[in-house]
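Student: Can we go through this one together? I'd like to know what backs up each label we put on it.

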Amino acid sequence: MSATAAAATLHSSVALDVRPLAGACGAEIQGIDLAADLDDATIAAIRRALLDHCVVFFHDQTLDAEQQKALARRFGEIFVHPNFKGTGPDPKIVEIRREPGDKRIVGEEWHADTTMVAEPPMGAILYAIDVPPYGGDTLFANQYAAYDALSDGMKRLIAGLRAIHSDRKVAGPQAGLNAYRSTKVREDTDWRETVNTHPVVRTHPETGRKCLFVNHSYSIGFEGMTEAESRPLLEFLMDHGHRPEFTCRFRWRKGSVAFWDNRCTKHLAVNDTPTFRRHMRRVQIAGDRPF
Ligand code: SIN
């Protein structure tokens, strides 16, 4: 049994077939049918693999929306995204579509999901319904590794810092994204900005490890500083967080699933297939207040 498979059995009697995708994060899990009524030991083993690898992938799955929500509920309550609410028939489901000719896509900047809320989601399960023949990959970056690689001086500097997270760049009338992409967010005039502050270095509630927790879509400055004062250090930390050695790249197939831990990763959907259709279905899982 490989070291990884052994780790996956720590809290479970089930030994999964877990194959790392890159040095820093990401692993493919083989031999699991996510539509099946999985037993608690198998769910525990998937959770163990998620904690170990930050993001796990599955291929050749067939999931309808109800099965995807049922799977998500095995890991926590479903999180309803405030800015996609009302844009589809089921608020628990976000359909992420790229149609040929779209200039913009959801998630094209390095980000963790929905960090402007007080309790950002712990994770998300993304299912590929339709994928381009090539391109349309998703990149993930391990934020434990990003934190660990900082100097002791930088770790001391950012130890007590809190970042302000806002959704003003990705929703609301001023964001202006709906004109360029098929997936719509709330841009109506009743929309109100959501703002919360979170520690720049958060402690993962399950692993106890420290990780960087700032991202390009939502982090706009540091508490107690202007945005201009914050910008140089914030930009450094956000860019540092996706250095290539902290990342993995996932190549989707129709029926692939990615399940990421939103507490210790960032991700980016690569905007490189303007002539092709890409259709994904996302369910988010509720998280807790970062500390
Ligand atoms: C997202 O940011 O949740 C979307 C990722 C993707 O479509 O690859």
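**Reasons behind the labels**

Tutor: Let's start with the ligand: the space it takes up is the largest cavity. Keep in mind that the model is predicted.

Student: Which elements give two or more residues to the shell around the ligand?

Tutor: Those are strand E15 (265-269) and E16. The residues around the ligand include His267 and Ala269, along with Arg278 and Arg282. Others in the list are Ile96, Gly107, His111, Asp113, Leu126, Thr138 and Trp260.

Student: What makes Thr138 a polar contact of the ligand?

Tutor: The cut-off is 3.5 Å between N or O atoms. A polar side-chain atom of Thr138 lies 2.6 Å from an oxygen atom of the ligand, so the pair counts as a polar contact.

Student: And what about the side chains of His267 and Arg278?

Tutor: For His267, a side-chain N or O atom is 3.0 Å from a ligand oxygen. For Arg278 the corresponding distance is 2.8 Å. Both pairs are within 3.5 Å, so they count too. As for cover, the ligand has 260 Å² of accessible area on its own, and the protein covers 100% of it.

Student: Now the core. Which residues have the most contacts inside the largest nonpolar core?

Tutor: They are Leu16, Ile29, Ile32, Leu34, Ile46, Phe58 and Phe259, in a core of 28 residues. Among the elements that each supply at least two residues are strand E2 (27-30), helix H2 (40-53), strand E3 (55-58) and strand E14 (257-261). H2 gives the largest share, 5 residues. There's also a second, separate core of 25 residues, with Ile96, Val131, Phe140 and Cys211 among its members.

Student: Why would such side chains sit together at all?

Tutor: In soluble globular proteins, nonpolar side chains tend to be buried together.

Student: Gln61 is in the loop between E3 and H3. Why is Gln61 called buried?

Tutor: Buried means under 20% relative accessible area. Gln61 has 6%, so the label fits. The Gln61 side chain also reaches the backbone nitrogen of Leu34 at 2.7 Å, and Leu34 is one of the residues with the most contacts inside the largest core.

Student: What makes Asn142, in strand E7 (residues 138-142), buried?

Tutor: Same test: the relative accessible area of Asn142 is 7%, under the 20% limit, so Asn142 is buried.

Student: And why is Phe79 called buried?

Tutor: Phe79, in strand E4 (residues 78-79), has 13% relative accessibility; that is under 20%, so Phe79 is buried as well. Phe79 and Pro120 are 41 residues apart in sequence, and their C-alpha atoms are 8.8 Å apart in space.

Student: What is the phi of Cys54?

Tutor: Phi is positive, about 75°, although Cys54 is not a glycine. Cys54 is found in the loop between H2 and E3. With a relative accessible area of 2%, under the 20% cut-off, Cys54 is therefore buried.

Student: How do you know that Thr114 is buried?

Tutor: The relative accessibility of Thr114 is 1%, so Thr114 falls under the 20% limit and counts as buried. Thr114 is found in the loop between strand E5 (94-98) and E6, and its phi is near 60°, a positive value in a residue other than glycine.

Note on methods. Residues numbered from 1 in each chain as written. Predicted model: local features only at pLDDT ≥ 70, side-chain atom pairs only at ≥ 80, totals over all residues. Heavy atoms only, no water. Core = buried A, V, L, I, M, F, W, Y, C linked by side-chain atoms within 4.5 Å. Buried < 20%, exposed > 50% of the residue type's maximum accessible area, 1.4 Å probe, protein only. Helix = DSSP H or I, 4+ residues; strand = E, 2+ residues; numbered from the N terminus. Near = heavy atom within 4 Å. Polar contact = N/O pair within 3.5 Å; in protein donor to acceptor, adjacent residues only side chain to side chain. Areas by Shrake-Rupley, 256 points an atom, 1.4 Å probe, with all protein chains shown as cover. 1 Å grid on protein atoms, 1.4 Å probe; cavity = no way out; pocket = protein on both sides within 12 Å on 5 of 7 lines; lining within 4 Å. Sits in = over half its atoms within 2 Å of the grid points.
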